[in-house]
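Here is a short briefing on one protein chain and its ligand. Please look over the sequence and the structure first. The notes that follow go topic by topic.

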Amino acid sequence: MSSTTIHRKKNMKKGIQFCLMVAGVSGTGRTTFINSLCNRKVISSAAAENYDPKEAHQEKGVTIRSVGVELEEDGTRISLNIVDTPGFGDSIDNEASFAEILGYLERQYDDILAEESRIKRNPRFRDNRVHALVYFITPTGHGLRELDIEIMKRLSARVNVIPVIGKADSLTPTELAESKKLIMEDIEYYKIPIYNFPYDVEEDDELTIDENAELRSKLPFAIVGSDRTYMVDGKEVLARKYPWGHVDVENPKHSDFIALRNALLGSHLADLKEITHFSLYENYRTERLSKGVASGSDASLNAEELASQSFMLKEEQLRREEEKLREIELKVQREITEKRQELLMREHELREMEARFARESSVVSQDDATTSSVITAGGE
Ligand SMILES: Nc1nc2c(ncn2[C@@H]2O[C@H](COP(=O)(O)OP(=O)(O)O)[C@@H](O)[C@H]2O)c(=O)[nH]1
Ligand SMILES: [Mg+2]
């Protein structure tokens, strides 16, 4: 088996890696959305799991939890890492929560930065950079709240933010349309650089332009989630049951769930990863390294130090390798010279030997001549 086959096999086994974060105040349907997205219970509802009335008065702040799930989308394996942020927005002062989430995103970048600077790569290193943040807006029927503006504005410099309206079935179609409009107006007014399915009319093909424009027009996505299935028209579907009928999670007339799911795990997965790597991470990296040079501040010193340290180490390693090469070259040269001298000596010896032979053999023939004459003489 060739090495490329092995490589491909390994990739297939591991699947495409993707990391998704969800944020939003408690009860907006984050957990249910995750479970609907993965089609199984990945996270149990925090409300049922963690609620303790004795602690209800305490300000707990945000916790960051990640869980890995293996999915298969159209025959492609996806290694999905889901990061949930329970407790966000539950406090009166959310400053600590903002910092906590931002810190998490930046730590993943720092890890890559450090790994990139290493001479010897760690084969077990995991890239945990978050490629998309699905931000849940409470279905108030209005625009954004201060909390939404603040968090989306701060995080969008570090992650692709995709705004959604959670529990969209609690609004009427008219309310939902109005709310979407108000939210987008706020996003524009406050200049929040969300992920808006970017396209280039000049460069992109018609299909991409249409697809992206269509997705952009749905922003913020109206999400309905459920972890129960019902029989609707003879089919088992993920739905929410109401006295008047069902809201089918996967029906595009009822919610944008499928549009978002297809974009995240299919059509836009690569784009989200590319923007994360080539734009968001690259900006972070430049900020980190240049800040360190300019101010020498403690916070940025690490990355800068790391980079220069690794540069020095690499130089040192190069120097040592060059030295070793030079030594080898000298040794070979020395050996060649020795061999040549040896050869010359041998040649010299050989010639001497030949000369001696020649001399000796001429003496022998003279002796022979003498002997034979003696014999002849004697025989006479
Ligand atoms: N009406 C409606 N209720 C939902 C939806 N998604 C979740 N819920 C319900 O809202 C409550 C909180 O949902 P959960 O997913 O735990 O929210 P989280 O706190 O953001 O993780 C639960 O009782 C869910 O059953 C939805 O799309 N529509
Ligand atoms: Mg939850």
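Which residues of the largest nonpolar core touch the most other members? They are Phe33, Leu80, Phe221 and Leu264, in a core of 69 residues. The model is predicted. Its chain has 380 residues, and 35% of them count as buried.

**Overall fold**

- The secondary structure comes to ten helices and nine strands.
- Among contacts with a separation of 6 or more, 70% join residues 24 or more positions apart.
- The exposed surface of the chain is about 23900 Å². Carbon and sulfur atoms supply 52% of that surface.

**Nonpolar cores**

- In soluble globular proteins, nonpolar side chains tend to be buried together.
- Here the largest nonpolar core holds 69 residues, including Phe33 and Phe221.
- Another core lies apart from the largest one and has six residues. Tyr109, Ile112, Leu113 and Leu280 are among them.
- Beyond four places in sequence, Phe221 is in contact with Ile162, Pro163, Val164, Ile165 and Phe197. Its contacts also include Leu215, Asp256, Ala259 and Leu260.

**Ligand 1 site**

- The shell around ligand 1 has 15 residues. Gly27, Thr31, Thr32, Asp169 and Gly225 come nearest.
- By class, the shell has eight polar, four charged and three nonpolar residues.
- A backbone N or O atom of Gly27 is 2.7 Å from an oxygen atom of ligand 1.
- For Thr28, a backbone N or O atom lies 3.3 Å from an oxygen atom of ligand 1.
- Asp169 places a polar side-chain atom 2.7 Å from a nitrogen atom of ligand 1.
- Ligand 1 alone exposes 570 Å², and the protein buries 78% of that area.
- Two elements, α2 (30-38) and β8 (235-242), each give two or more residues to the shell.
- α2 supplies the largest share of the shell, with three residues.

**Helix α2**

- Eight of the nine residues of α2 are buried, so the helix counts as mostly covered.
- The buried residues of α2 are Arg30, Thr31, Phe33, Ile34, Asn35, Ser36, Leu37 and Cys38.
- Asn39 follows α2 and has a positive phi, near 60°.
- Leu37 is found in α2. Its relative accessible area is 0%, which means that Leu37 is buried.
- Not counting neighbours within four places in sequence, Leu37 is in contact with Leu20, Leu71, Leu80, Phe257, Arg261 and Leu265.
- Leu37 and Gly225 are 188 residues apart in sequence. Their C-alpha atoms are 8.7 Å apart in space.

**Strand β3: Ile78**

- Ile78 is found in strand β3, residues 76-84.
- Why does Ile78 count as buried? Its relative accessibility is 1%, and the cut-off for buried is under 20%.
- The C-alpha atoms of Ile78 and Gln17 are separated by 5.9 Å. Along the chain, these two residues are 61 residues apart.
- Beyond four places in sequence, Ile78 is in contact with Ile16, Phe18, Val69, Glu70, Leu71, Glu73, Leu265 and Leu269.

**Buried charged residues: Lys180 and Arg129**

- Lys180 is in helix α6, residues 173-189.
- Lys180 counts as buried because its relative accessibility is 15%.
- The side chains of Lys180 and Asp256 are joined by a polar contact of 2.8 Å.
- Lys180 also touches Ile165, Lys218, Leu219, Pro220 and Ala222, among residues more than four places away in sequence.
- Arg129 is found in the loop between α4 (95-117) and β4 (132-137).
- With a relative accessible area of 8%, Arg129 is buried.
- Which side chains make polar contacts with Arg129? The side chain of Asp127 does so at 2.7 Å. The side chain of His277 does so at 3.0 Å.
- Residues touched by Arg129, beyond four places in sequence, are Cys19, Gln108, Tyr109, Ile112, Thr276, His277 and Tyr281.

How values were computed:
Residues are numbered from 1 along each chain as its sequence is written. Chains are lettered from A and ligands numbered from 1 in the order in which they are written. This is a predicted model: local features need pLDDT of at least 70, side-chain atom pairs count only at pLDDT 80 or more; totals for chains, interfaces and linings use all residues. Side-chain values use heavy atoms; hydrogens and water are left out. A residue is near a molecule or strand if one of its heavy atoms lies within 4 Å of it. A polar contact is a pair of N or O atoms within 3.5 Å; within protein, one must be able to donate a hydrogen and the other to accept it, and residues adjacent in sequence count only if both atoms are side-chain atoms. Accessible areas come from the Shrake-Rupley method with a 1.4 Å probe; for residues, only the protein chains shown count as cover. Helices (H or I, at least four residues) and strands (E, at least two) are DSSP runs, numbered from the N terminus. Ala, Val, Leu, Ile, Met, Phe, Trp, Tyr, Cys and Pro count as nonpolar, Asp, Glu, Lys and Arg as charged, and the others, Gly among them, as polar. Buried means under 20% relative accessible area, exposed over 50%, partly exposed in between (1.4 Å probe, protein chains only). Contact means heavy atoms within 4.5 Å. A nonpolar core is a set of buried Ala, Val, Leu, Ile, Met, Phe, Trp, Tyr and Cys residues joined through side-chain atoms within 4.5 Å.
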